[in-house]
Protein chains: 2
Amino acid sequence: MSKRTTIQDIAEKAGYSKAAVSFAFNDPSKISKEAHDRILATARELGYIPDPMARNFSRGRHMALGFLLPQMLQESLQNPYTQSVIRGIGEVCQEHGYMLTLIPPLHSSVSEAVKNATVDGLMTMGFVLSGKVRSILRIRRMPVVSIDGEADDDDVHSVSIDDEKAAELQLRKVLEKGHRRIAIIALPDDAYESSSIAGRRRKGYGNALSAFSIPPESIIVSSAKATFRSGMETAGRILDASSPTCFVTMSDAVAIGVMSEIRRRGLTVGDDISVMGFDGIEDSGFPCYGLSTIAQSGEEKGIRSAELLFMMIDGKEAPSSIIIPYEYREGTTLKEVKA
Amino acid sequence: MSKRTTIQDIAEKAGYSKAAVSFAFNDPSKISKEAHDRILATARELGYIPDPMARNFSRGRHMALGFLLPQMLQESLQNPYTQSVIRGIGEVCQEHGYMLTLIPPLHSSVSEAVKNATVDGLMTMGFVLSGKVRSILRIRRMPVVSIDGEADDDDVHSVSIDDEKAAELQLRKVLEKGHRRIAIIALPDDAYESSSIAGRRRKGYGNALSAFSIPPESIIVSSAKATFRSGMETAGRILDASSPTCFVTMSDAVAIGVMSEIRRRGLTVGDDISVMGFDGIEDSGFPCYGLSTIAQSGEEKGIRSAELLFMMIDGKEAPSSIIIPYEYREGTTLKEVKA
DNA sequence: CAGCCTTACTAAACCGGTTAAGATAAGGGT
DNA sequence: ACCCTTATCTTAACCGGTTTAGTAAGGCTG
């Protein structure tokens, strides 16, 4: 089995130096047109393709961004909202000629994965990095953007919406429609390790409740992973034990599961029980059935995050935090409560 | 700004050679316990983390598998079936300590992307690689596994189900229930470049039809991208122009869109119009509402593909083609046609 | 005590490119 | 005729590890 063709082979065969060959591929202005032609012809003849890893290594760039997956690949990719974020990241990567690497915990260890990740920058979503991981990233001088995470570290830049305000708006809309028997399905606090997004939103709910002078105890609060199935199961448990007039969820995926369970019981979403989602996954190809929700563009989050990361990689001045907009999207699943 | 700590720094500080330091990290049995301890202590002290790219480069391994994305990231990741395949791949990657890299067409060129991909092996899904791309892969000696693609190349191994037989079974089930006004929504033939999966399944449909002595002309055949939205729109157009008693789709995502459109028109899925899907995305967290379908495990496809790829990477004897099982899954959306 | 093996370590080649610095020759200005 | 510039190409260092071959010291054997 012959060895692969290297820059050295081309150099010898074409009668030039390694450097000349390198220039021919990267900066033709540094050599004569004649040399350029000869070298490219020789390269074609020998079937030469520059080794990307060697190239990246000597340039000190990986040409890849990493998306750190909190737990298992499973749930993360399942959520249509995560998908839209990844899509946004992917677009920007493509523009920059970068690849996108999904980084699952290596041998169940995030630290290990981060140590070995061959990427120029990292994005995380919905969870706070441990001190150990942050220390590794600092040593490796690897820029990080945290999506929906906490901006409690100078090294970690963040992209998110104003979750507290958004959650407040969400619950206000529900309260304005007269609902009082409300079941909130939050994201698990410990989802993705020490997530704090759920905490920020709970605060917003508290604000809305006190604005309406409603005692927090009157609200049913539970939590569920951000999946369709989980939403369905949780709604089932709640409906077995009580009869809320409205479900408020922190994720559209959960809301869709809730709607499915409501219909399964022969009830009508909107007329019998209202449902309020969070995310606005409308454009994700996922069926959302006119869900009333707090819409935030996952794609924009992905795009802004990746752009931010590229600024940091390029050593440019980068904002430590980017807040993107959200809005209430009127649907057909939130209706005035029946008298 | 100080330079990063290298193996050289550790060697000097600890009073050993570069090689000794390398051994300390990779094969402690080659050095004394004393040296091992001293070196690791020094490494910890200086905050040393081996550079993964340099390590990979000298070892000649990338420690990453690539998933080649046909067109835009968008549609690919949107399909829950694709997601389950990726999940399967991810599991195997994790076991092997590998990362999974999503490779979008670089500057809109798949060839360019494949030239620059820093991965040890490639997986594609649902499309046939062009000769140019195959030639690049041959030069780079990069193993490829094609999922649901055509096994027309010695270099490209494949994992799929027997699509022709599966499609035949799918349509037979529908015909057995008495349906004759049938609308088939196929995958686009040109989806993912020169896809051939649609062709194989069409053949299967033909077989079923002739077994029932039904003229192919009596069947409405259209095609749609494998997304929820596309299924909804296509069903809308079909229902505007005709009144099939059953929809047969090549993808559950499409089938769910079809069901959504049927319900939107005030009709009942199953009783008024039957729907038959393909994929069996039940376990994907996607709402599938008792869809009758041809189930094939996306996760298993992913797992087998990745395992196959690892065999090839390790230079082991690997089967050129793996066929995984499928089965008809009884649901509530396919019912006996009304007299 | 020579001969041989084992242990512990090092020097240097190597992976395949990039790139700073230097060499050579040709061209231009005075 | 001389110096300076520019164009073109080469040499060699470099990126940060891994790994092969080799050496020196110590222990064992006969």
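**Exercise 1. A helix in chain B**

Is α6(B) largely enclosed by the rest of the structure or largely open, and why? Work it out for this predicted model, then look at the geometry and both ends of the helix.

*Solution.*

Step 1: count the buried residues. In α6(B), 14 of the 17 residues are buried, so the helix is largely enclosed by the rest of the structure. The cut-off behind that count is under 20% relative accessible area.

Step 2: check the length. Helix α6 of chain B runs over residues 80–96. From its first C-alpha to its last, the helix reaches 25 Å, close to the 24 Å expected at 1.5 Å a residue.

Step 3: look at the start. There, a side-chain oxygen of B:N79 comes to within 2.7 Å of the backbone nitrogen of B:Y81.

Step 4: look just past the end. B:G97 follows α6(B) and has a positive phi of about 70 degrees.

**Exercise 2. Around DNA strand D**

Describe how the protein meets DNA strand D: which residues are closest, which part of the strand faces the protein, and which phosphate contacts turn up.

*Solution.*

Step 1: collect the neighbours. DNA strand D is surrounded by 28 residues, and the closest are A:S17, A:S32, B:I7, B:S22 and B:N26. That list draws on chain A and chain B.

Step 2: sort the DNA atoms. Take the atoms of DNA strand D within 4 Å of the protein: 58% of them are sugar or phosphate, and the rest belong to bases.

Step 3: go through phosphate contacts. A:S32 uses a backbone N or O atom, 2.8 Å from a phosphate oxygen of DNA strand D. With B:N26, an N or O atom in the side chain is 2.7 Å from a phosphate oxygen of the strand. For B:D51, a polar backbone atom is 3.4 Å from a phosphate oxygen of DNA strand D.

Step 4: map the surface onto helices. At least two residues each come from α2 (18–26) and α4 (52–59) of chain A, and from α2 (18–26) and α4 (52–59) of chain B.

Step 5: classify the residues. The surface near DNA strand D splits into 14 nonpolar, eight polar and six charged residues.

**Exercise 3. Around DNA strand C**

Now run the analysis for DNA strand C: which residues are closest, and which contacts reach a phosphate oxygen or a base oxygen?

*Solution.*

Step 1: neighbours again. DNA strand C has 28 residues around it, with A:I7, A:S22, A:N26, B:S17 and B:S32 the closest. Of the strand's atoms that come within 4 Å of the protein, sugar and phosphate account for 62%.

Step 2: phosphate contacts. A polar backbone atom of A:I7 sits 2.7 Å from a phosphate oxygen of DNA strand C. A:N26 works through its side chain, with an N or O atom 2.8 Å from a phosphate oxygen of the strand.

Step 3: a base contact. Here it's A:K18, which places a polar side-chain atom 3.1 Å from a base oxygen of DNA strand C.

Step 4: helices and classes. The surface near DNA strand C takes at least two residues each from α2 and α4 of chain A and α2 and α4 of chain B. By class, the tally is 14 nonpolar, eight polar and six charged.

**Exercise 4. A cavity**

How many cavities of 30 Å³ or more does a search of the whole structure find, and what lines the second largest?

*Solution.*

Step 1: the count is six.

Step 2: pick the second largest, with a volume of about 110 Å³. Its lining has 14 residues, and those nearest its centre are A:N56, A:H62, A:T118, B:H62 and B:T118.

Step 3: assign elements. α4 and β2 (99–103) of chain A, plus α4 and β2 (99–103) of chain B, each give at least two lining residues.

Step 4: classify. The lining of this cavity is six nonpolar and eight polar residues, with no charged ones.

**Exercise 5. Buried residues and their partners**

Where do A:D163, A:V174 and B:I147 sit, and what does each pair with?

*Solution.*

Step 1: A:D163 belongs to helix α9 (residues 163–176) of chain A. Its relative accessibility is 1%, so A:D163 counts as buried. Its side chain makes a polar contact of 3.1 Å with that of A:R200.

Step 2: A:V174 is also in helix α9 of chain A, and at 0% relative accessibility A:V174 is buried. Its C-alpha is 8.5 Å from that of A:K335, 161 residues apart along the chain.

Step 3: B:I147 lies in strand β4 (residues 144–147) of chain B and, at 0% relative accessibility, is buried. B:I147 and B:S321 are 174 residues apart in sequence, yet 9.9 Å apart in space, C-alpha to C-alpha.

Technical notes:
Residues are numbered from 1 along each chain as its sequence is written. Chains are lettered from A and ligands numbered from 1 in the order in which they are written. This is a predicted model: local features need pLDDT of at least 70, side-chain atom pairs count only at pLDDT 80 or more; totals for chains, interfaces and linings use all residues. Side-chain values use heavy atoms; hydrogens and water are left out. Helices (H or I, at least four residues) and strands (E, at least two) are DSSP runs, numbered from the N terminus. The expected span of a helix is 1.5 Å times one less than its number of residues. Buried means under 20% relative accessible area, exposed over 50%, partly exposed in between (1.4 Å probe, protein chains only). A polar contact is a pair of N or O atoms within 3.5 Å; within protein, one must be able to donate a hydrogen and the other to accept it, and residues adjacent in sequence count only if both atoms are side-chain atoms. A residue is near a molecule or strand if one of its heavy atoms lies within 4 Å of it. Ala, Val, Leu, Ile, Met, Phe, Trp, Tyr, Cys and Pro count as nonpolar, Asp, Glu, Lys and Arg as charged, and the others, Gly among them, as polar. On a 1 Å grid over the protein atoms alone, a cavity is a set of points where a 1.4 Å probe fits but cannot get out, and a pocket is an open set with protein on both sides within 12 Å along at least five of seven lines; lining residues have an atom within 4 Å of a point. Grid points are joined across faces, edges and corners, and a volume is the space filled by probe spheres set on the points.
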